[in-house]
Amino acid sequence: MAQSPAGSVADVTAAIDQASAAFPDWRAVPPAERVQYLFKLKALLEEHFDEIARITVTENGKTLGEARGELRRGIENVEVACGIPTLMQGYNLEDVARGIDESMFRQPLGVAAVITPFNFPSMIPLWFLPYAIACGNTLVLKPSERVPFSMVRVFELIEQTGLPKGVVNLVNGGKTAVDALLDHPAVQAVSFVGSTPVAKYIYARASANGKRVQCQGGAKNHVVIMPDADPETTTQIVGDSAYGCAGQRCLAVSVAVTVGDARRWFPKSISEMAASLKVGPGLEDGVQMGPVITPASRDRIESLIAKGASEGASVAIEGRDRKVAGFEKGHFVGPTVLDGVSAASELAETEIFGPVLSLIHAADIDDAMAIIARNSYGNAASIFTSSGAAARKFRNQIPTGNVGVNIGVAAPMAYFPFSGWKGSFFGVLHAQGRDAVEFYTGEKVVIERWPKEWSRRF
Ligand code: NAD
């Protein structure tokens with residue numbers, strides 16, 4: 001498609017130096033003035049909406065509808081960050097002791113580093129960038145080396161807003177560039193989204209270097225299908241969740257747990273839906289699912305399907321060896337249904353990150369919830385039911401950070417935290433909304449005494 005540099009240590013250092021140099025002036029710009037650049041960015045992103053979505057399709061492989069959807073969610077974060085003059089306010093109290101007042105101010109930290117994955121090239125950087133700079137920080141972004149181009153275009157638009165030079169900086173590359181960010185003393189905060197092993201590594205290394213860190217990791221999301229769920233809408237929504245973005249979503253449903261009699265209808269209806277999906281290139285009209293990101297990813301997904309079969313599951317809908325006419329070299333995997341996966345199998349624990357839905361059958365809701373609770377990830381879980389009591393129990397007790405009730409992709413809006421738990425998140429404060437504002441600011445508490453007698457002269 002194009003060439004993108006693999007950032008060296010020197011490139012990263014130069015970017016951090018730029019960000020450090022820009023920080024003193026940028027933090028002094030009043031918040032209400034800082035967000036004017038974000039209002040301009042929002043307008044430019046709207047103006048170039050389809051152009052950016054098309055770049056995302058060509059570099060990532062998802063469909064145009066999916067690329068538009070992610071950019072919309074990204075822009076929503078720009079909109080929320082425009083509220084910084086309110087969101088960044090501290091609080092205060094007069095007379096904490098006689099004649100003594102106490103205030104808490106939020107102040108920017110300095111240079112923030114953001115490291116993002118391949119699956120949402122435009123949205124995930126925007127989970128962080130708008131909040132970091134609106135709070136008065138400067139930033140170095142390193143997108144996934146597999147999808148560098150969406151952000152190149154967004155940064156060109158940022159340049160058009162007139163944002164002072166050095167406030168945001170883009171570097172590309174892989175581990176070398178990441179390590180340079182983690183080790184540089186000027187970087188104060190690190191935000192990461194990607195797989196769990198890399199999240200753990202980055203959390204440990206950046207924390208050891210004294211930085212503030214938030215790391216979102218991988219996922220294995222379950223949906224519980226109760227016997228009283230509406231078959232038609234449940235099938236549609238669960239299918240969209242499992243196969244949308246070719247299953248390469250950290251909130252994609254990966255395992256459907258049917259409870260009791262749901263087993264009678266769900267495997268058949270989801271298999272029919274999976275088989276009906278049109279697979280092909282993302283820019284083609286009517287295509288519902290694109291390829292996966294790399295040949296290595298396709299091979300990995302196909303080997304996990306084989307593993308499921310060898311562990312005793314039946315391949316109800318086969319996605320391996322999928323060929324799309326005219327795109328024979330494309331790395332397509334067809335929608336796959338693995339029925340009768342054992343809850344104790346290795347596959348039931350492994351993040352597949354492809355268009356594969358495993359079906360596990362449970363006797364009752366307690367069984368189903370126990371299967372989810374045993375999983376090492378905690379990104380999201382959903383229940384489909386028409387029973388308020390079942391929904392309430394699920395919401396109250398399920399150990400995941402995002403929960404859906406009759407929702408397939410429980411993706412928090414920009415003004416709520418993107419709240420993974422367990423092996424899906426390392427840190428305290430999450431991405432988006434108020435959490436992002438807290439993450440990108442330090443709290444400064446000021447205690448003041450102004451005795452009357454000192455003012456006598458005036
Ligand atoms: P990845 O972990 O391979 O890469 C993510 C980023 O880390 C990239 O920028 C990459 O260059 C860098 N990186 C990769 N290996 C590294 C290493 N050894 N040392 C330092 N940096 C390294 O993830 P990916 O394949 O791009 O994305 C898919 C993963 O991201 C899945 O596991 C998915 O669940 C997860 N994800 C999670 C969320 C969430 O919100 N929790 C959102 C999207 C994706």
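**Exercise 1.** In this predicted model, find which helices and strands each supply at least two residues of the shell around the ligand.

*Solution.* Start with the helices: α6 (123-134), α8 (175-183) and α9 (196-208) each give at least two shell residues. Then add the strand β6 (187-193), which does so too.

**Exercise 2.** Work out where the ligand lies relative to domain 1 and domain 2.

*Solution.* Take domain 1 (9-217 + 424-448) and check it for shell residues: it gives some. Do the same for domain 2 (221-405), and you'll find that it contributes as well. Both domains feed the shell, so the ligand lies between them. The space it takes up is the largest pocket.

**Exercise 3.** Describe the make-up of the shell around the ligand.

*Solution.* Count first: 29 residues surround the ligand, and the closest are Thr 116, Glu 145, Ser 195, Gln 216 and Glu 351. Now sort the shell by type, and you get 14 nonpolar, 10 polar and 5 charged residues.

**Exercise 4.** Track down polar protein atoms that pair with oxygen atoms of the ligand at Ser 195, Thr 116 and Lys 142.

*Solution.* Go residue by residue, with 3.5 Å as the cut-off for a polar contact. Ser 195 puts a polar side-chain atom 2.6 Å from a ligand oxygen. Thr 116 uses a polar backbone atom instead, at 2.8 Å. With Lys 142, a polar side-chain atom sits 3.0 Å from a ligand oxygen. As for cover, the protein hides 89% of the 850 Å² of accessible area that the ligand has on its own.

Key
Residues are numbered from 1 along each chain as its sequence is written. This is a predicted model: local features need pLDDT of at least 70, side-chain atom pairs count only at pLDDT 80 or more; totals for chains, interfaces and linings use all residues. Side-chain values use heavy atoms; hydrogens and water are left out. A residue is near a molecule or strand if one of its heavy atoms lies within 4 Å of it. A polar contact is a pair of N or O atoms within 3.5 Å; within protein, one must be able to donate a hydrogen and the other to accept it, and residues adjacent in sequence count only if both atoms are side-chain atoms. Accessible areas come from the Shrake-Rupley method with a 1.4 Å probe; for residues, only the protein chains shown count as cover. On a 1 Å grid over the protein atoms alone, a cavity is a set of points where a 1.4 Å probe fits but cannot get out, and a pocket is an open set with protein on both sides within 12 Å along at least five of seven lines; lining residues have an atom within 4 Å of a point. A molecule sits in a cavity or pocket if more than half of its atoms lie within 2 Å of its grid points. Helices (H or I, at least four residues) and strands (E, at least two) are DSSP runs, numbered from the N terminus. Ala, Val, Leu, Ile, Met, Phe, Trp, Tyr, Cys and Pro count as nonpolar, Asp, Glu, Lys and Arg as charged, and the others, Gly among them, as polar. Domain bounds come from an automatic or database domain assignment.
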